[in-house]
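Student: I am new to this structure and would like a close look at a single part of it, the surroundings of the ligand. Please take me through that part slowly, and then show me what lies around it.

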Amino acid sequence: MGRVAASCRKKCMEHQNATNMEKIVSLAKRRGFIFPGSEIYGGLSGTWDYGPLGVEMKNNIKKEFWRSMIYQRTDTVGLDAAILMNPKVWEASGHTAAFADPLVECKICHERFRADHQDEIEAHRELHKKKGEKPEFTEPRQFNLLVEAGLGSVEGEKMKVYLRGEITQGAHVNFKNVLDSSWRKIPFGIVQIGKAFRNEITPGNFLFRSREFEQMELQYYVKPDENESLRWFNYWKEERAKWYRELGISEDHLRFREHAPDERAHYARAAWDIEIDSPLGWKEVEGIHHRGDWDLSRHSKYSGVDISYYDEETKERYVPWVIETSGGIDRAFLFFIADAYREEPDKDGVRTFLKLHPRLAPYKAAVFPLLANKTELIDRARKIYETLRGSFMIVWDDIGNIGKRYRRQDEIGTPFCITIDYETLEDGTVTVRDRDSMKQERIKDSELAAYLLDKVSS
Ligand code: ATP
């Protein structure tokens, strides 16, 4: 009986999650956050386009990453490496060799195996069985994770290159350039945000697994010392989790998961994922990896260029070890929206709102004249709108009644709605309504900029 009840509960939860996911996907399309890629041509599997609100929110996520990883630190520098790289980079990193054979992919966790490595496939099947899961594998396919492109304009003479499969390598191949040009001392980090492309066999789950996506990364170079490197590893693990929490992911929806030994890349000395619980279940949003000296040693070997570091203090030369934090902008986007999605009963039925952190919200405020046909209200509201517009991403809204405008702004996560009414004309105060509490307060219009700045940067 207990088991039946538990299984019913599980089914109910799954149903609820699927419904919530559908609602989120539908809201995202309807309100201009995310559109399916090339939709009028029937789409292109594994691609998504960010609409007018989506691009604002995505840029806000990137700004927050950059702020915490570059502006608030003294031990990191930024980089924006090219998407197209010399194909030898991918030989050195192991990407071309590892993906040239027929592979099968586990349909549950998407791990891929050489089709002829039956023992590994069996061991993997066992692993899932222990968790009560039954994995199926895709048919073997000649499969290369890297997306190919032809560089050059003469047919038949094109050079085969790859759209980068990860942004990581751009940092490592520039390690020497950064060191020589910015006089950094170890420990220091290179931070990047940029597009990556993968021939995923099974793209899906909305933005979670696409073929074109964006990554945000830190490659942090440390002394090749067990204790020191582990200290940094743990430090970065906590720092990155803190970033998600501060931007709104609730405490009980975030956890760490250590990679099992057979999941880890052979060179990884430690590997953990930051996972977030959403209607998709617990899923990886970011990996924290201790990569040892694998990257720099391989690039030294394949390029023939010495990529070591001379430590002035200890008078030693060594190849630094790397601690990597590698997250997905699109996955973060999906999880921030999913975690912010709220439905609350109210007097008109259900109020749907996105409880986004004000720094992530596409619009920081909406400005309304109380009535859309009274010139004196419109003129005053326009003035306020024009004053704030230069400093904040705000929106003008005068369609429908106030209730409808609130609903519209709630649904896209606008944290504040500013209404200009007859009192404004008399004493210069406006109503500011808070999205989450729905409380209203009156504020002098001259104090609005300071008010918003305080809320948006808190
Ligand atoms: P997964 O196991 O889910 O395929 P991964 O471990 O291969 O991910 P990494 O190579 O470590 O991922 O990439 C770092 C981050 O890049 C991931 O944590 C994820 O946020 C993002 N990412 C990777 N692949 C995709 C994808 N196909 N679509 C969207 N984001 C992705």
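Which of the 17 residues around the ligand come nearest?

Tutor: This is a predicted model, and in it the residues that come nearest, out of the 17 around the ligand, are F213, G287, S326, G328 and R331. Turning from single residues to elements, those that give two or more residues to the shell around the ligand are the strands β10 (212–222), β13 (281–292) and β16 (321–328), together with the helix α10 (329–340). The largest share comes from β13, which gives 4 residues to this shell. In chemical character, the residues of the shell divide into 8 that are charged, 7 that are polar and 2 that are nonpolar.

Two of these shell elements, β13 and β16, also serve as packing partners of a helix, α9, and this offers a way to look outward from the ligand. Helix α9 covers residues 294–303, and within this helix W294, D295, L296 and H299 are buried. An α-helix has 3.6 residues a turn, so residues three or four places apart point the same way. The buried residues of α9 pack against β13 and β16, and also against three helices, namely α3 (88–92), α6 (168–173) and α7 (175–182). Just after α9 the chain reaches G304, which takes a positive phi of about 80 degrees.

Elsewhere in the chain there is an open sheet of 3 strands, arranged in the order β5-β4-β6 with antiparallel pairing. Because β5 (112–114) and β6 (141–142) stand at the edges, each with a single partner strand, one side of each is left without a neighbour in the sheet. Strand β4, residues 102–105, pairs with β6 over 2 bridges in the antiparallel sense, and R141 in β6 is the bridge partner of L103.

To place these parts within the whole, the chain contains 14 helices and 23 strands, and the chain is divided into domain 1 (2–80 + 164–337) and domain 2 (363–456). The C-alpha centres of the two domains lie 37 Å apart, while the C-alpha atoms of the chain fill a box of roughly 75 × 65 × 55 Å along the principal axes. Of the 458 residues of the chain, 33% count as buried. Among contacts between residues at least 6 apart in sequence, 64% join residues at least 24 apart.

Technical notes. Residues numbered from 1 in each chain as written. Predicted model: local features only at pLDDT ≥ 70, side-chain atom pairs only at ≥ 80, totals over all residues. Near = placed C-beta within 6 Å. Nonpolar A, V, L, I, M, F, W, Y, C, P; charged D, E, K, R; others polar. Buried ≥ 20, exposed ≤ 12 C-beta atoms within 10 Å, placed from the backbone. Contact = placed C-beta atoms within 7 Å. Pairing = 2+ DSSP bridges. Domains from an automatic or database assignment.
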